[in-house]
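Okay, thanks for coming, everyone. I'd like to walk you through one structure today, so have a look at the screen and we'll take it piece by piece.

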Amino acid sequence: MTGYDPVDRALLSALATDPRATVVALAERLRMSRNTVQARMARLESSGAFLSFERSIDPSPLGYPLEAFVAVHARQKVLADVVEALSEIPEVIQAHGLSGQIDLLVRVVCRDAHDLFRIDEAILAIEGVERTETSLAMGELIPYRLGPLLDL
């Protein structure tokens, strides 16, 4: 899908506000027929408009109250192997490839500072990782959002 028409944008904006809204609730809120909303939702889903439907789970009750970001510097020729090895570390919950001086930004969860040290050691032990820089997250200040973009 290359763009959204005003109906799509209204539907996406309503979903950004209330991600759990039912088709019926969306239809009522947007003053559209249920069938129209359902057809639009199906089209949006099949076009790849929606990212993962996985619910975000708080890792704290699982025993992982701390979160950190690890900047990974790796050899480019083995970057795919590094990513595969990172995916084998359970505490790695997300990773992004970057341009610039940092090759990968890895988001990890940990039990405490000693656990973070262990995780960082595991990352450094991966063949192709040259060095890391680790920063403890102090809190999420702006959660993932697209609502403001839909309002433009």
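I'll go through the domains, the pocket, the salt bridges and then a few single residues.

One thing before we start: this is a predicted model. Please keep that in mind for everything I say.

Let's begin with the overall layout. The protein chain is split into domain 1, residues 6-50, and domain 2, residues 60-137. Taken over C-alpha atoms, the centres of domain 1 and domain 2 are separated by 37 Å.

Now, where does the largest pocket lie with respect to those domains? Both domain 1 and domain 2 give residues to its lining, so the largest pocket lies between them. Its space comes to about 2,100 Å³. The elements that put two or more residues into that lining are helix H1 (6-17), strand S1 (66-74), strand S2 (92-97), strand S3 (104-110) and helix H6 (147-150). In total, 44 residues line the pocket. If you want to click on its middle, go to Ser52, Glu54, Arg55, Ser56 and Tyr144, which lie nearest the centre. And what is the chemistry of the lining? We have 29 nonpolar residues, 6 polar and 9 charged.

On to the salt bridges. How many does the structure hold? There are 7 salt bridges, and I'll pick out three.

First on my list is Arg40 with Asp5, where the side chains meet at 2.8 Å, N to O. Arg40 sits in helix H3, residues 34-46, while Asp5 is in the segment before H1, so this pair ties together parts that are 35 residues apart in sequence. Is Arg40 buried or exposed? Its relative accessibility is 18%, so Arg40 counts as buried; the cut-off for buried is under 20%. Asp5, on the other hand, is partly exposed, at 28% relative accessible area.

Next up is Arg107 with Glu67, a salt bridge at 2.7 Å, N to O. Here we go from strand S3, which holds Arg107, to strand S1, which holds Glu67, so the pair ties together parts 40 residues apart in sequence. Arg107 is partly exposed, with a relative accessible area of 23%. Glu67 is partly exposed too, with 22%.

Then there's Arg75 with Glu127, and that salt bridge is 3.3 Å, N to O. This one runs from loop to loop: Arg75 is between S1 and helix H4 (79-86), and Glu127 is between helix H5 (113-124) and strand S4 (129-136), so parts that are 52 residues apart in sequence are tied together. Arg75 is partly exposed at 36% relative accessible area, whereas Glu127 counts as exposed at 60%. There's also a network to look at: Asp5, Asp8, Arg40 and Arg43 are joined into one by salt bridges that share partners.

Okay, a few single residues now. Take Val72, in strand S1. Its relative accessible area is 0%, so Val72 is buried. Which residues does Val72 contact, leaving aside neighbours within four places in sequence? They are Ile102, Asp103, Leu104, Val106, Ile123, Val129, Arg131 and Thr132. Look at Thr132 in particular: Val72 and Thr132 are 60 residues apart along the chain, and their C-alpha atoms are separated by 4.6 Å.

Another valine to click on is Val82, in helix H4. Val82 is buried as well, with 0% relative accessible area. Not counting residues up to four places away in sequence, Val82 touches Ala74, Leu104, Ile126, Glu127, Gly128 and Val129. You'll recognise Glu127 there as the salt-bridge partner of Arg75. Now set Val82 against Arg20: that pair is 62 residues apart along the chain, and the C-alpha atoms are separated by 36 Å.

Last stop is Arg31, in the loop between helix H2 (23-30) and H3. What is phi at Arg31? It's near 55°, a positive value in a residue other than glycine. Arg31 is also exposed, with a relative accessible area of 78%.

That's my tour. If you take one picture away, make it the pocket between domain 1 and domain 2. Happy to rotate the model if anyone wants another look.

Definitions and conventions:
Residues are numbered from 1 along each chain as its sequence is written. This is a predicted model: local features need pLDDT of at least 70, side-chain atom pairs count only at pLDDT 80 or more; totals for chains, interfaces and linings use all residues. Side-chain values use heavy atoms; hydrogens and water are left out. On a 1 Å grid over the protein atoms alone, a cavity is a set of points where a 1.4 Å probe fits but cannot get out, and a pocket is an open set with protein on both sides within 12 Å along at least five of seven lines; lining residues have an atom within 4 Å of a point. Grid points are joined across faces, edges and corners, and a volume is the space filled by probe spheres set on the points. Helices (H or I, at least four residues) and strands (E, at least two) are DSSP runs, numbered from the N terminus. Ala, Val, Leu, Ile, Met, Phe, Trp, Tyr, Cys and Pro count as nonpolar, Asp, Glu, Lys and Arg as charged, and the others, Gly among them, as polar. Domain bounds come from an automatic or database domain assignment. A salt bridge is a side-chain nitrogen of Lys or Arg within 4 Å of a carboxyl oxygen of Asp or Glu. Buried means under 20% relative accessible area, exposed over 50%, partly exposed in between (1.4 Å probe, protein chains only). Contact means heavy atoms within 4.5 Å.
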